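Thanks for passing this one along. Here are my notes, in the order I would go through them with the model open.

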Amino acid sequence: MPKSENQKIKMLRLLEILKSDSDEENPITITEIIARLKEQGIVAARKALYDDIRILNEYGYEIMSVRGRQNMYYIADRTFDIPELRILLDAVQSVAFISKNKTQELVYKISALAGTHRGELLAKNTVHFDSVKRGNDKVFYSIDAIERAIADGKKITFFYFDISVEGEKVFRKNKERYEVNPVGLILTNGFHYLVCYSDKRRTLTNYRVDRMDNVLIELLNITPSDCVKDFDSYKDRNLAFGMFSGEPLRTVLLVHNSLAEVIFDKFGSLAKLTKHDEEHFTVVVNIQISPPFLGWCAMLGDKIKIIHPKKVADELTVLAQKIISQYE
């Protein structure tokens, strides 16, 4: 690149050096900046760099100066601070649908946002969660297609498969394409789920995105539906257990006081707790009744009881009897 063109991007390179090579604990001298610019074929004078830093500050980049025998500089303007980047790293590590290789790639990309010094520490100190990384990187293309279809108001089609005992894909419907109206994406239990409206079923349903193959955006516009208008991703996520579809029912639970935090963790602001006696409270929630919900109640043992509706309590009784019969 000709010298004159290098000089035109000097300020941009200066900003990149400050972002990648400096932070509050590792400021950088003008001499070091000059050397780094020289490595990129850019000749810079001290006075010109002082002017460049002043201009960058005037435009809000917060380049801080540390006074000393040689003034040192670091950039305090970060899109994310360290705790925020830590949360993002932990989220990537805990999600099961992202493959191991893709997880490592994202860890380094996110860490780089903190700059070279802190980024290296973040990457080294990343906790490796116990979640099984069984996803494939095609899921990112599927999510992109779904998001674009929702934005453009178009239907999508895809193949859907299960995993056999041998670990092979077994496509449903003899590998015929599913056609649905995409509504939204929900991340729960380490997996992304597509919530969609089915023209055939005339109801909302969901599919695990990592089990969807060859997602295509169709030319057909989505079919308007009242149940889609009422869809609330936060509400639906809290009503569903394991993303199993089920009948939403007003359910009353009798719960031991020691499980108050468990109830709030699961239902959040949807939970309305009422004192029942000195040791118990009742909570009324609209829940999609499904096997995971019954299993959740069974897991909590004698500290929770379904008191309404009776048919749901009966379903749990039948489930418990089936489990007991296996051990008799």
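The points below go from the whole chain to single residues.

1. **Ground rules.** This is a predicted model, where local features need pLDDT of at least 70 and side-chain atom pairs count only at pLDDT 80 or more, while totals for chains, interfaces and linings use all residues. Residues are numbered from 1 along each chain as its sequence is written, and side-chain values use heavy atoms, with hydrogens and water left out.

2. **Overall picture.** The protein has 13 helices and 13 strands; these are DSSP runs, numbered from the N terminus (helices: H or I, at least four residues; strands: E, at least two). Of the 328 residues, 38% are buried, where buried means under 20% relative accessible area, exposed over 50%, and partly exposed in between (1.4 Å probe, protein chains only). About 19,800 Å² is exposed, and carbon and sulfur atoms supply 53% of that area; accessible areas come from the Shrake-Rupley method with a 1.4 Å probe, and for residues only the protein chains shown count as cover. Among contacts with a separation of 6 or more, 64% join residues 24 or more positions apart, a contact being heavy atoms within 4.5 Å.

3. **The three-stranded sheet.** Please start at the N-terminal part of the numbering. An open sheet is formed by 3 strands in the order 1-3-2, with antiparallel pairing; two strands pair if DSSP finds at least two bridges between them. Strand 1 (28–29) and strand 2 (63–66) are the edge strands, each pairing on one side only. Strand 2 is joined to strand 3 (residues 72–75) by 4 bridges, in the antiparallel sense, and one pair to look for is Met64 with its bridge partner Tyr74 in strand 3. Helix 2 (residues 10–21) packs on this sheet and touches strand 1, strand 2 and strand 3, with its direction making about 85° with that of strand 3.

4. **Helix 2 against helix 3.** Helix 2 also packs with helix 3 (residues 30–39), at an angle of about 120° and with the axes 10 Å apart. Axes here are lines fitted to C-alpha atoms, for helices over the stretch in contact, and angles run from 0 to 180 degrees between N-to-C directions. The crossing is right-handed: the near helix is turned clockwise from the far one by less than a right angle, whereas anticlockwise would be left-handed. On the helix 2 side, Lys10, Arg13, Leu14, Ile17, Leu18 and Asp21 meet Ile33, Arg36 and Leu37 of helix 3. By class, this contact has 5 nonpolar, no polar and 4 charged residues; Ala, Val, Leu, Ile, Met, Phe, Trp, Tyr, Cys and Pro count as nonpolar, Asp, Glu, Lys and Arg as charged, and the others, Gly among them, as polar.

5. **Strand 7 and its neighbours.** How many residues of strand 7 (residues 191–198) are buried? The count is 8 of its 8 residues. Phe191, Tyr193, Val195 and Tyr197 point one way, His192, Leu194, Cys196 and Ser198 the other, and all are buried. Strand 7 pairs with strand 6 in the antiparallel sense over 7 bridges, and Tyr197 is the bridge partner of Asn181. A further 6 bridges join strand 7 to strand 8 (residues 203–208), again antiparallel, with Ser198 opposite Thr203. Strands 7 and 8 form a hairpin with 4 residues between them, and Arg202 in the turn has a positive phi of about 55°.

6. **Leu187.** This residue lies in strand 6 (residues 178–188) and is partly exposed, at 42% relative accessible area. Leu187 and Val209 are 22 residues apart in sequence and 9.9 Å apart in space, C-alpha to C-alpha.

7. **Backbone details worth a look.** Most residues other than glycine have a negative phi, and most peptide bonds are trans. Asn174, not a glycine, has a positive phi of about 55°; it sits in the loop between strand 5 (169–171) and strand 6 and is exposed at 76%. Lys175 is found in the loop between strand 5 and strand 6, with a positive phi of about 60°, and is partly exposed at 43%. The His308 to Pro309 peptide bond is cis, with omega near 0°, and Pro309 lies in the loop between strand 13 and helix 13 (310–325).

8. **Asp302.** Finally, Asp302 is in the loop between helix 12 (291–299) and strand 13 (304–308). Asp302 counts as exposed because its relative accessibility is 78%. Asp302 and His256 are 46 residues apart in sequence and 8.6 Å apart in space, C-alpha to C-alpha.
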